[in-house]
Amino acid sequence: MFWRKGMAAVAAALAVSACSTATGEAPVPATVGAADLAKVTLKVGDQKGGVKSLLTAANLLQGTPYRIEWATFTSGPPLLEAASAGAIDAGRVGNTPPIFAAAAKAKIKVISVSRSNVEREAVLVPPDSPLRDVASLRGRTIGVAKGTSAHGQLLNTLHRNGLSTKDVKLSFLQPSEAYAAFTQHTIDAWAIWDPYTAQAQLEAHARVLADGRGASNGLGFLTASTAALADPGKNSALRDFAVRVVKAQKWADTHREDWAQAWAKETGLKLEVARKAVEAGRDLPIVLDDAVVASEQQLADAFTDEKTLPGTVDFAAFVDRRFGPDLDQARSNG
C-alpha cells in the first residue's frame, strides 16, 4: 500500500526474451537495442514520495537509456485509470486498485510485486474516541479512499469481526481530505496506510483500533498498460525500470535513514514521520507467483460478495510474468 519503495547498470535487463506471458497471450515483443531505446519515453505515474523519490535516493535514475516523464496521482485508482487510457505507461499501486481496474476491464497488467509490513495499514481513531474495538464501529462513519489498499484492509477487518461495509458508513475521501476530516472529528475512524498512519499517530495522536494483521496481504504492484507492453521499445524500458525498482526497494531496506531523509525532503513530511514509517519496514520485492495471484483473488472475491464490484474478477488474467527471470536475478544480486 503507499509508497513503499540502488544499482549497477542493468545490461541483463535489455536481453531479448522469446517467452510468452503467463496468461497465454501473444509472444512478448522483441526488445530493442540501446540506440532505439534512446528514442523511448516511458511515462510513469507516481504517488508523492513514491517510486521517483525512491529511485532518486538510491541513485538509480542515473544512466537510464530512455527518457522518463513523471505524473503524480493522489492514489492508485486514478493512476490505473490513466494507464488504461494510455495517458501513462506504468505505475506502482497497492493491492486493491488492480482489482477494481480488472473489474472495469482496464487495459493494464501487474508485472512485479512487493510486500510491506501490514501492521502499518490501520484503522485509526482519535485519541479521545470512545471506540475500543472493531465491533464498536457499527453505525459509525469511516473515511477511506475507494478502491485503495485501505479499502481492502477495512473490508477484511470488518468481516473478521462479524461486520460488513453495510454495517458502517463509508466516507470515500482521498488521504489529504481524510486527514483533515479525521483531525476535525467529522469522521469517526480512518482506514489508511503509511506514511499517513505515522503522521496521524505522531501529529494527531491517533490510536490504532485495528491493523492489517490477518486482514491485508501487504502486497503492492508495479503495473503497466497493455499498450506499453506490446510496444518493443517501451517493453524494453519497462523491463529495465522494473529491475531498477526491485533494486531500489532492496537498497531502501538497508539504508533506512537515507531513505527516510530523502522521503521527507520529497514530500514535506516531518523527518520523524518518515523515520517511523521507514523503520516499521517498507516494501520488499517478492516473486509474482501463484500464491500472490490466489491471495489477490480472495480479496477480489470478497469485494464481489459485498457487491462492491459489479461481477467476478479473474485476477490471473491481469498478471504478466514476462520479466520474472530479470526480477529474480535483481532480487538475488541486490
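Asp-89 is buried in this predicted model, with a relative accessible area of 5%. Its side chain does not sit there without a partner: Asp-89 meets Lys-234 in a salt bridge, with 3.1 Å from N to O. Asp-89 belongs to the loop between α3 (76-85) and β3 (90-94), while Lys-234 is part of helix α9 (residues 232-254), so the pair ties together parts that are 145 residues apart in sequence. Side chains of opposite charge can pair when their charged atoms come close.

## Charged pairs

How many salt bridges does the model have by this rule? The count comes to 18. Three of them are set side by side here.

| Pair | Closest N to O | Separation in sequence |
|---|---|---|
| Asp-89 and Lys-234 | 3.1 Å | 145 residues |
| Arg-140 and Asp-188 | 3.8 Å | 48 residues |
| Arg-239 and Asp-326 | 2.6 Å | 87 residues |

Let us take the second row. Arg-140 and Asp-188 form a salt bridge whose closest N and O atoms are 3.8 Å apart. This pair links distant parts of the chain: Arg-140 is in the loop between β5 (122-125) and β6 (141-144), and Asp-188 is in the loop between α6 (175-183) and β8 (189-192). Are these two residues buried, exposed or partly exposed? Arg-140 counts as partly exposed at 30% relative accessibility, and Asp-188 also counts as partly exposed, at 24%.

Now for the third row. Arg-239 and Asp-326 form a salt bridge with 2.6 Å between the closest N and O atoms. Here the link runs from helix α9, which holds Arg-239, to helix α13 (residues 324-333), which holds Asp-326. Arg-239 counts as buried at 1% relative accessibility, and Asp-326 is buried too, with a relative accessible area of 12%.

Salt bridges can also join up: Glu-119, Asp-211 and Arg-213 are linked in a network of them.

## The two sides of helix α13

Asp-326 leads us to its helix. Which residues of α13 are buried? They are Gly-324, Asp-326, Leu-327, Ala-330 and Arg-331. These buried residues cover an arc of only 160 degrees around the axis, which puts them on the same side of α13. The general pattern behind such a face is that an α-helix has 3.6 residues a turn, so residues three or four places apart point the same way.

What does the buried side of α13 pack against? Its buried residues pack against β4 (108-115), α9 and β11 (284-286). The face turned away from that side carries the exposed residues Pro-325, Ser-332 and Asn-333.

## A sheet of six strands

Two of the elements that α13 packs against, β4 and β11, bring us to a sheet. In this open sheet, 6 strands follow the order β2-β1-β3-β10-β4-β11, with mixed pairing. At the edges stand β2 (67-73) and β11, each with a single partner strand, so one side of each is left without a neighbour in the sheet. Neighbouring strands are turned by 30 degrees against each other on average, direction ignored.

β4 and β11 pair in the antiparallel sense over 3 bridges. For Val-113, the bridge partner in β11 is Ile-286. Helix α12 (residues 290-305) packs on this sheet, where it touches β4, β10 (219-225) and β11, and its direction makes about 95 degrees with that of β10.

## A sheet of five strands

The other sheet to explore is also open: 5 strands in the order β7-β6-β8-β5-β9, again with mixed pairing. Its edge strands are β7 (169-172) and β9 (207-211), each of which pairs on one side only. On average, neighbouring strands here are turned by 30 degrees against each other, direction ignored.

β5 and β8 run antiparallel and are joined by 3 bridges. In β8, Ile-192 is the bridge partner of Ala-122. Helix α7 (residues 196-203) packs on the sheet and touches β5, β8 and β9, with its direction at about 140 degrees to that of β8.

What is the sense of the pairing between β6 and β7, parallel or antiparallel? It is parallel, over 4 bridges, and Ile-142 stands opposite Leu-170 in β7. From β6 the chain crosses through helix α5 (residues 149-160) to β7, and this β-α-β crossover is right-handed. β6 also pairs with β8 in the parallel sense, over 2 bridges. Ile-142 takes part here as well, with Ala-189 as its bridge partner in β8.

Definitions and conventions
Residues are numbered from 1 along each chain as its sequence is written. This is a predicted model: local features need pLDDT of at least 70, side-chain atom pairs count only at pLDDT 80 or more; totals for chains, interfaces and linings use all residues. Side-chain values use heavy atoms; hydrogens and water are left out. A salt bridge is a side-chain nitrogen of Lys or Arg within 4 Å of a carboxyl oxygen of Asp or Glu. Buried means under 20% relative accessible area, exposed over 50%, partly exposed in between (1.4 Å probe, protein chains only). The arc is that of the directions from the helix axis to the C-beta atoms. Contact means heavy atoms within 4.5 Å. Two strands pair if DSSP finds at least two bridges between them. Axes are lines fitted to C-alpha atoms, for helices over the stretch in contact, and angles run from 0 to 180 degrees between N-to-C directions. A crossover is right-handed if, with the strands pointing away from the viewer, the path from the first strand over the helix to the second runs clockwise.
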